[in-house]
Each structure stands twice: as structure tokens, then as C-alpha cells.
Amino acid sequence: MSLLILRTASRYLFPLLLLFSVFLLWRGHHEPGGGFVGGLVAATAFVLIALAEGAPSARERLRLAPERLAVCGVAVATLSGAVGWFLGEPFLTGIWWAASPGESPVVGTPLLFDLGVYLSVIGVVLAFLLTLIEETK
Amino acid sequence: MNASVVVAPILVPLVAALFGALGPRRPGYQRTVGLLGAFGLFVAAMGLLASVFVEGVIAVQIGDWPAPFGITLAADRLSAAMVAATGLVAFTVVLYSTAEIPDDVVTAGFYPFVHVLLLGVCGAFVAGDLFNLYVWFEVMLLASFVLLALGSGRAALTSSITYVALNLLASAFFLIGVGFLYGQVGTLNFADLSLKLGDPAALDAARPAALLLLIAFGIKAGVFPVFFWLPAAYPNASFAVSALFAGLLTKVGVYALLRVFTLVFPLEALGLAPGLLAVAAATMASGVLAAASQAHVRRILSFHIVSQIGYMVLALALVTTLGLASAVFYIVHHIVTKTNLFLVGGLIARAGGSEQLDQIGGLSQRRLGLTMLFAIPALSLAGVPPFSGFFAKFFLIRSALEADAIVAVTFAVVVGLLTIYSMAKIWIEAFWKPAPAETHLDEPLPRAALVACAMLAVVTITLGVGAEALWSFALATAEQLADPQEYLNAVLGDPT
């Protein structure tokens, strides 16, 4: 019964935290933020659910096993490095695309790399924390 | 195009690890991906060796950020030779492991972690700056912790605690040394450091950092008196894992010594050479004496790694071009031979039923093929011609004689004789003496494992017969190390 407030709050906080984490990820390009801190915030959202409703509920919302999510993140980051490589630049060279020719570029492979970091951080942090939460039960 | 050959030995294991980790957990799939990845690494490593052989030092600025600000990967002859040896070890050990590692360990992620280990090893060999060298060391260590723990019992976990603790200590020394150096010189790029520490005052100020790095690499390489993590950890892992570790892990430490104490901190200018010579002699002697007192196949072999590391450090501490060349020769010989001996050790345990020498025997009558497979690397390690070990010791002793290091020569000869004693002990106990009990272990040995051992044996013979070619390669490598101008030009751009 004491969990009622936490449970209700977590239901509203969960989407907000996820949204905030994506905002941090996006903002990281020019201002403080980025994949690492974004990933931590997103992981907090799932940990909040795990504390309020139990680890199985958090795993269910995550869909993918956290370990696998972390590996996916590394794969995405590797892919972002390979883009420049396929275009004849050294590995991990940032490639940028402008919305229209002549304008300053808006989107590039560094965002993809950051997305990889974001996924890896969520995966690794949740792999640790969910296991710990399950073991204390 | 040049860039790709340096990046490929890092990318191949990374991609193989990703495919293994993301793909289905079926043992068949995992083994196929593991083997394909290892073969890919072998091909990539040979490509790098050929390119460096033809074109000289190749450097890549990752992400196109210029050195010394960005991350540099650079491969000279030393790096290329080490990566090539890694490729060979990777392929043969993974081939062997397909016959040894049980399904439940394979599905628990054995091969992805093997590839992460290889990723760290190859990364360390081509790293162009001190901090990245540190990061690759950590990648390699993390994977090795997992491989030690995967599928092993309580005893193995206990012994791996020594390994973990000492290696973390070494990492701490390494990182503090890196921090000191960065604080004083303001750069960590090897080439840039080499230029900035050319100033004697700067070099003198960086002395504490040099000592911390020396301790860190010393622990990782397993020199006296900080080698005891090695024989504690290696004999408890699976044979494939211990062969992988025996072939590669300590050699990354030796590589780091060779790289940093020629390019960044010239040993002679620091006045560290006599001290290192003493450490090397103590390492050789303590390793071989400890090995002589053991009666367990892999314990003997593990202590021999320590003694052999002593030879390599001795060659470095001679601070002559000939000495460096014999260090390079020794490392290549050692990686091939030692990996092979650990793998054959696994077959001995399988055919004889135990690794304890007093519980097995009679293998020479029942297992002719195995006898041959043991004899080649064992004779090579003992330093019998025409195998690679004879030439490795011969060149080393000749370099020491030319450097007038008579004590070093004495140590090398005496330790060499004791090495023969240990190899003869395994030979007599496991192969010659009659089997102590009626052990009818007559099922055929797995073919993949035999092929892997035979491949390494062929390489050992080739290195022995073609010793002259390898020696001229080693000499050219040593000249590159002794005169870093080509390396500096490749990394920082030609000033002319």
C-alpha cells in the first residue's frame, strides 16, 4: 500500500523521463547532453518502474534483454563509423548531411554514434541494476 | 586504402563479436561465426603485414582528426609482426576450441568474448598513443576475466582473483603514469611524446611517469617479482583459453615495453637499462626454477612463460639494435611455440586422462601423432636446432656477447639448460614411462584439435628453417625501433 504513490507517479514519470532522455541525446550535439547522460536518464525511467512494479514489469517494457540492447548499441556505433569508411574517409570520420545544398549540415553520423552510446548505456546500466533488484527480492 | 589495412584487424574481431552476440545462441552458429571471424582476422593480419612490409610505417588518423590531437593508429614492422602472430594464434586456438569447449559454455557467449579479447590485443598493437593503449589493455582484461570465469568451477574463480587484483593494480599504475605524463608534457601521442621528450630536461622531469609505466607493463608482462598472478590463473582455465592467454596476453605487456621504452623513453637516456637487465635475469631464473619443481603440465608451461619473458626483457635491456632484433625474433617464436605447447598439453590431458605427470604415462607407445606434435614445440622451446627456439636463443646470446653482457649470457645459457630439463621431464613422465594405471583412453583425439596443433608445428619448423629471413625481418624491425624518424613522419606528417 505504501507503494501507491510511487506506483502512480512512476506511471506518469516513465514517459516523461524517456522523452527527456531523447531530448538530452538530441541536444548533446551543440550543448551539454549527449548519448551517455541521455542513456542514464532513460535507464532511470526503467529502474523507477522496477522499483514500483518489480523487475519483470521493467523487463517487459524494455522488450529486449538489456545485454542484447547493449550489444545493439555497440553495433549501431560501429555502423556509424563504417559510413565514413565506405565513403573513402578514415574510419569514424563524421559525415554530415545538409537539409538542402549550401545550408549548414543538420544531421550526421555523430548522432548515430551517440545513439549507439545511448543504447549501450541503457543496456549496461539496466543489466546491472535489474539483476541487483532481482537478487535483493 | 592504406587506412583500411590498419583498421581491419580491429574491425574484424569487433564485427565477429557483434554477430556472435546478436545472433542465435545455437552452438553450431556460434562456432561457425567464431571460426569465420578468427580466419578473417588471420587474413586481415597477413594483409597488414604485407602492406607494412612493402610500404613501411602506415598511420591512420581516426575520424580524420590530425595527430597529435586525434586518435592515431599506427603500424610499423613490430606492430604488424605482432598482429600477424595474433592472427595465427587466433585462428588455430579457435579451431582447437571448437573441439574442446562444451555447448553450454559456447551458448553462454564464449566466442564473442574471445573476439573481444582479440579486439583488445590487436588494438593495443596498433595504438598510436598511450591512452588508447590503456583502453585496449582494459578491453583485453575485461574479456579475459570473463573467459577465465566462464564455465569453470570454484577453484578457478579463486585463482582468478589474484589475476584480477594484480592486473587492476597494474592498470592503476598505468593510468597514474599516463596522468603524470600528460600533466608534464601535455600530449600522449607516441610520436609527439618522442619529439617533446627529446629535450633532456623534459625527459628527466618525466622520470616518475616512466617508472610507473615500467611497473605497470612489468606486471602485465609477468616479470620478477610480480609474475605470480600468471601461474595461478592459467592452469585453471580451459586449454583453449589458457593457450590464447599464454600466447598473447603477457606478450602485449612485452610489446608495450618495447614500444614505450624505445620510442618514448629511450632506456639508455633514462639509465634504466642495468636495472632492467637485473630484473630480466631474475625473471628468467625464478621462472625456470619454479617450473622445475612442478609436476603438472600446464603449471610447468606457465612458469616457463615467465622465464621466457625474462629472455625478451633481457634482449630489450641490452639497448642495442641487435638486442632489439633478437627480442622481436624471440617474441614471434615464443607466441607460436607456447600456444602450441598449451594446446598439445590439452591433448596430453585428454589422451592420458590427467595433467598430473605422476598419473599419466606411456603416451609414446600409444599415440605416435601426439608424440610428434609434442616433440616439435618442446624441442623448439628447449632450444634444439633446427627449430625456431634454437635461433631465438642463438641470436639473443650473440647480441648479448656483442654488447659485452657476460652475466646475461651466463644466465641465458644456464636457464636454457634448465628449460631442457623441464621439457625432458614432461617427455619422460608423460610419454616414456609406462602408464601407472590401466587407463584405456583410446578414443581418437578430435581432428580439429590435431590440425590446429599441426599448423602451429609447421610454423615452428618454418621459422626454424627460414630463420635467416625472419632474422633479417627482425633486424629491419629493430632499425625502425632504434631510429623512430620513419614512425614520426608517418604519424605527424613529413616535415620536408
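This note walks through the pockets, cores, chain contact and backbone details of a predicted two-chain model.

1. **Where the chains meet.** Chain B uses 14 residues to contact 12 residues of chain A. Together the two chains bury about 1200 Å². Carbon and sulfur atoms carry 74% of that area. On the chain B side, look at L11(B), L18(B) and L22(B), which lose the most area to chain A. These leucines account together for 39% of what that side buries. The size of an interface is often given in this way, as accessible area lost when the parts come together.

2. **The largest pocket.** Its volume is about 1900 Å³. The lining has 48 residues. Both chains take part: nearest the centre lie A70(A) and V74(A) from one chain, and L14(B), V116(B) and L119(B) from the other. Chain A gives two or more residues from each of α4 (66-86) and α5 (109-136). Chain B does so from α1 (2-22), β2 (71-75), α5 (110-126) and α6 (130-149). The top contributor is α5(A), with 9 residues.

3. **What lines that pocket.** By class, 34 of the lining residues are nonpolar. Another 10 are polar, and 4 are charged.

4. **The second largest pocket.** About 430 Å³ of space lies here. There are 16 lining residues, and L49(B), A84(B), V332(B), L463(B) and L470(B) lie nearest the centre. The elements that supply two or more residues are α2 (27-55), α3 (77-100), α16 (321-352), α21 (447-465) and α22 (467-482), each in chain B. Of these, α3(B) gives the most, with 4 residues. The lining holds 14 nonpolar and 2 polar residues, and no charged ones.

5. **Cavities.** How many cavities of 30 Å³ or more does the structure hold? The count is 4. The largest cavity encloses about 50 Å³. Its lining is made of F137(B), M140(B), L141(B), Y163(B), N167(B), K220(B), W229(B) and L249(B). Helices α6 and α7 (154-185) of chain B each supply at least two of these. The most come from α6(B), with 3 residues. The lining divides into 6 nonpolar, 1 polar and 1 charged.

6. **The largest nonpolar core.** In soluble globular proteins, nonpolar side chains tend to be buried together. Here the largest core has 196 residues. Those with the most contacts inside it are L130(B), L133(B), F174(B), F217(B), Y234(B), F261(B) and F265(B). Helix α12 (residues 239-264) of chain B gives the largest share, 19 residues. L133(B) is a good place to start. Setting aside neighbours within four places in sequence, L133(B) touches A124(B), A127(B), F174(B), F190(B), F217(B) and A256(B).

7. **A second core.** A separate core has 20 residues. Among them are L25(A), A43(A), Y118(A) and I122(A).

8. **Cis peptide bonds.** Check the bond from F224(B) to P225(B): it is cis, with omega near 0 degrees. P225(B) sits in the loop between α10 (207-221) and α11 (229-233) of chain B. The bond from P385(B) to P386(B) is also cis, with omega near 5 degrees. P386(B) belongs to the loop between α18 (368-382) and α19 (388-402) of chain B.

9. **Positive phi.** R63(A) has phi near 65 degrees, a positive value in a residue other than glycine. R63(A) lies between α3 (55-62) and α4 of chain A, in a loop. Is R63(A) buried or exposed? R63(A) counts as exposed because its relative accessibility is 78%, and the cut-off for exposed is over 50%. In chain B, D404(B) has phi near 60 degrees, again positive without being glycine. D404(B) lies in the loop between α19 and α20 (406-432) of chain B. Its relative accessible area is 64%, so D404(B) is exposed.

10. **T320(B) and E402(B).** T320(B) is in the loop between α15 (297-317) and α16 of chain B. At 27% relative accessibility, T320(B) counts as partly exposed, because that value falls between the cut-offs of 20% and 50%. T320(B) and E402(B) are 82 residues apart along the chain, yet their C-alpha atoms are separated by 9.2 Å.

How values were computed: Residues numbered from 1 in each chain as written. Chains lettered and ligands numbered in written order. Predicted model: local features only at pLDDT ≥ 70, side-chain atom pairs only at ≥ 80, totals over all residues. Heavy atoms only, no water. 1 Å grid on protein atoms, 1.4 Å probe; cavity = no way out; pocket = protein on both sides within 12 Å on 5 of 7 lines; lining within 4 Å. Points joined across faces, edges and corners; volume = space filled by probe spheres on them. Nonpolar A, V, L, I, M, F, W, Y, C, P; charged D, E, K, R; others polar. Core = buried A, V, L, I, M, F, W, Y, C linked by side-chain atoms within 4.5 Å. Buried < 20%, exposed > 50% of the residue type's maximum accessible area, 1.4 Å probe, protein only. Contact = heavy atoms within 4.5 Å. Buried area = accessible area lost by both parts, 1.4 Å probe.
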